[in-house]
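I am opening a notebook on a structure that is new to me. I will set down what I look up, beginning with the strands and going on to a helix and the buried cores.

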Amino acid sequence: MADCCSETNSDQSFGKQVCQTCGEKGKKVELATIRSLTRRDHPLYAELKSGFICTNPDDNTVYYSEENDIIIYHNDLVTSFHLKNPDDKQNLCYCFQHSRRAIKEDITKNGHSRIELSIREKVKQGACTCEVSNPKGKCCLGDVSGFVKNLQKGNIEIQHA
Ligand SMILES: [Zn+2]
């Protein structure tokens with residue numbers, strides 16, 4: 001590319017291509033995930049390729065292709081992506097539809113997260129469809145348990161409406 005003489009040319013981000021709209025490194029995502037979560041009426045739907053996901057909450061880009069010729073924005077998705085939507089009603093678990101608000105209520109009521117336990121149970125039974133339901137293309141448990149831990153530590157406020 002044009003910056004062949006730049007000192008930062010020795011790119012160690014193999015498999016972590018940089019998002020062309022925000023410059024952050026993305027993570028590899030399978031085509032099956034991108035196809036399943038992009039609106040079917042997107043003009044480039046038939047040309048979708050495997051690529052990367054941008055997890056920067058401040059950037060509207062969700063997927064970009066390896067060749068950087070296709071960008072899928074948040075409003076091109078069939079679902080709302082939790083990393084791009086801080087709303088309490090936003091689902092963190094896509095397979096079994098658990099929102100941030102439901103998890104907060106769960107902690108308030110039970111002191112621990114029954115939702116997290118129930119997700120773990122269902123994942124063990126193989127009942128999840130993360131590859132095609134979660135825009136990240138992987139299990140939500142990491143994000144759910146991170147959220148639960150932050151709630152329990154008081155890092156996230158539980159507001160009572
Ligand atoms: Zn980005």
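How many bridges join strand β3 to β4, and do they run parallel or antiparallel? I looked this up in what is a predicted model, and I found three bridges between β3, which spans residues 61-65, and β4, with the two strands running antiparallel. For one point along this pairing I noted that T61 stands opposite Y73 of β4.

I then followed the sheet as a whole, and I read it as an open sheet of four strands in the order β1-β2-β3-β4, with antiparallel pairing. At its edges I found β1 (27-29) and β4 (71-73), each of which has a single partner strand, so one side of each is left without a neighbour in the sheet. From one strand to the next, the twist averages 30 degrees.

Next I turned to the nonpolar cores. The largest one has twelve residues, and I listed them as C19, V29, I34, L37, F52, I53, C54, V62, Y63, Y64, I72 and F81. I checked where they come from, and α1 (31-37), β2 (51-53) and β3 each supply at least two residues of this core. The most comes from β3, which gives three residues.

I took one member of this core, Y64, and looked up its contacts, leaving aside its neighbours within four places in sequence. On that basis, Y64 is in contact with C19, Q20, G26, G51, F52, C54, I70 and I71. Apart from this core I found another, of eleven residues, and I noted C93, I107, I115 and F147 among them.

Since F147 belongs to α5, I went on to that helix. It covers residues 141-152, twelve in number, and reaches 16 Å from its first C-alpha to its last, close to the 16 Å expected at 1.5 Å a residue.

Which residues of α5 are buried? I found V144, F147 and V148, and these three cover an arc of only 100 degrees around the axis, which puts them on the same side of α5. The face turned away from this buried side carries the exposed residues G142, G146 and N150.

I also asked what the buried residues of α5 pack against. My entry here reads that they pack against β5 (91-93), α2 (100-110) and α3 (114-124). Last, I looked just beyond the helix, where α5 is followed by G154, a residue with a positive phi, near 80 degrees.

Methods
Residues are numbered from 1 along each chain as its sequence is written. This is a predicted model: local features need pLDDT of at least 70, side-chain atom pairs count only at pLDDT 80 or more; totals for chains, interfaces and linings use all residues. Two strands pair if DSSP finds at least two bridges between them. Axes are lines fitted to C-alpha atoms, for helices over the stretch in contact, and angles run from 0 to 180 degrees between N-to-C directions. The expected span of a helix is 1.5 Å times one less than its number of residues. A residue is buried if 20 or more other C-beta atoms lie within 10 Å of its own, exposed if 12 or fewer, and partly exposed in between; C-beta atoms are placed from the backbone. The arc is that of the directions from the helix axis to the C-beta atoms. Two residues are in contact if their C-beta atoms, placed from the backbone, lie within 7 Å. A nonpolar core is a set of buried Ala, Val, Leu, Ile, Met, Phe, Trp, Tyr and Cys residues joined through C-beta atoms within 7 Å.
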